Amino acid sequence: MDMMMYRCAKCGKLHHPAYYVCQECGSREFTGEPLKGKCTLLTYTRVHNLPSGYSQPWLNFGIVRFENGLTAAGRIEPDDLQIGMELVSSVGVVKEGSGKDEYGFIFKKAEPV
């Protein structure tokens with residue numbers, strides 16, 4: 001399962017999340033493409049008072065910028081966070097619901113090359 005970005009069929013501008021109208025040219029036609037890969041941590045916070053459906057005592061959430069310039073928010077797994085660190089995106093269960101799991105971005109440390 002991949003999260004998606006949306007490319008305007010007219011001008012090629014990338015959007016995430018989905019928009020009904022292109023922010024660049026006003027077109028209403030888009031093609032979906034997977035949004036995955038390396039990204040840079042822009043900011044983060046640790047949330048201690050989580051709503052029901054979370055089994056952990058706290059979670060890290062952050063905003064990242066992908067190599068193509070798009071930004072996204074999601075859960076961050078490493079605990080030793082630093083602004084500007086390189087992460088890689090994955091998709092997984094971010095909240096266990098009553099009979100329905102919710103999926104979203106989970107960002108992890110990039111493996112050293």
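This short presentation describes the strands, the ring contacts and the cysteines of one protein structure.

Good morning. Please keep in mind throughout that we are looking at a predicted model.

I begin with the sheets. One of them is a closed barrel of five strands, and the order around the barrel is E4-E5-E6-E8-E7, with mixed pairing. On average, neighbouring strands of this sheet are turned by 45° against each other, direction ignored.

Let us follow strand E7, which covers residues 86-96. On one side, E7 pairs with strand E4, residues 38-47, in the antiparallel sense and over three bridges. To place this on the structure, look for Cys-39, whose bridge partner in E7 is Leu-87. E7 is also joined to strand E8, residues 101-109; these two run antiparallel and share nine bridges. Here Val-93 may serve as a landmark, since its bridge partner in E8 is Tyr-103. A general remark may help when you inspect such strands: in a regular strand the side chains alternate between the two faces of the sheet.

The other sheet to consider is open. It has three strands in the order E2-E1-E3, and the pairing is antiparallel. Which strands stand at the edges of this sheet? They are E2, residues 14-15, and E3, residues 30-34. Each has a single partner strand, so one side of each is left without a neighbour in the sheet. Strand E1, residues 4-8, runs antiparallel to E3, and five bridges join the two. Within this pairing, Arg-7 has Thr-31 of E3 as its bridge partner.

I turn now to the aromatic rings. How many aromatic pairs does a search of the whole structure find? The search finds three. One of the pairs is formed by Phe-66 and Phe-105: the ring centres are 5.8 Å apart and the planes stand at 45°, so the pair is tilted. This pair links distant parts of the chain, because Phe-66 belongs to strand E5, residues 59-66, while Phe-105 belongs to strand E8, and 39 residues separate them. Are these two rings buried or exposed? Phe-66 has a relative accessibility of 4% and counts as buried. Phe-105, at 3%, counts as buried as well. Ring pairs also bring in Phe-107, so that Phe-66, Phe-105 and Phe-107 are linked into a cluster.

A ring of another kind deserves attention next. Arg-46 lies over the face of Trp-58, at 3.8 Å from the ring centre. Arg-46 has a further contact: its side chain makes a polar contact with the side chain of Asn-60, at 3.0 Å. Asn-60 lies in strand E5, and with a relative accessibility of 2% it counts as buried.

Let us move to the cysteines. A disulfide is a covalent bond between the sulfur atoms of two cysteines. How many disulfides does a search of the whole structure find? The result is zero. Consider Cys-8, for example. The closest cysteine sulfur to its own is in Cys-25, at 3.6 Å, which is too far for a bond. The cut-off used here is 2.5 Å. Cys-8 counts as buried, at 2% relative accessibility. Cys-39, which we met as the bridge partner of Leu-87, also counts as buried, at 2%.

I close with two residues that are not buried. Glu-29 is found in the loop between E2 and E3, and a relative accessibility of 55% makes it count as exposed. Along the chain, Glu-29 and Cys-8 are 21 residues apart, yet their C-alpha atoms are separated by 6.0 Å. Thr-43, for its part, has its place in strand E4. Its relative accessible area is 38%, which makes Thr-43 partly exposed. The C-alpha atoms of Thr-43 and Gln-82 are separated by 8.5 Å, and these residues are 39 apart along the chain.

To summarise, the predicted model contains a closed barrel of five strands and an open sheet of three strands. Phe-66, Phe-105 and Phe-107 are linked into a cluster by ring pairs, and the search for disulfides finds zero. Thank you for your attention.

Terms used:
Residues numbered from 1 in each chain as written. Predicted model: local features only at pLDDT ≥ 70, side-chain atom pairs only at ≥ 80, totals over all residues. Heavy atoms only, no water. Pairing = 2+ DSSP bridges. Helix = DSSP H or I, 4+ residues; strand = E, 2+ residues; numbered from the N terminus. Axes fitted to C-alpha atoms, helices over the stretch in contact; angles between N-to-C directions. Phe/Tyr/Trp six-rings, centres within 6.5 Å; stacked < 30°, edge-to-face > 60°. Buried < 20%, exposed > 50% of the residue type's maximum accessible area, 1.4 Å probe, protein only. Lys NZ or Arg CZ within 6 Å of the ring centre and 35° of its normal. Polar contact = N/O pair within 3.5 Å; in protein donor to acceptor, adjacent residues only side chain to side chain.
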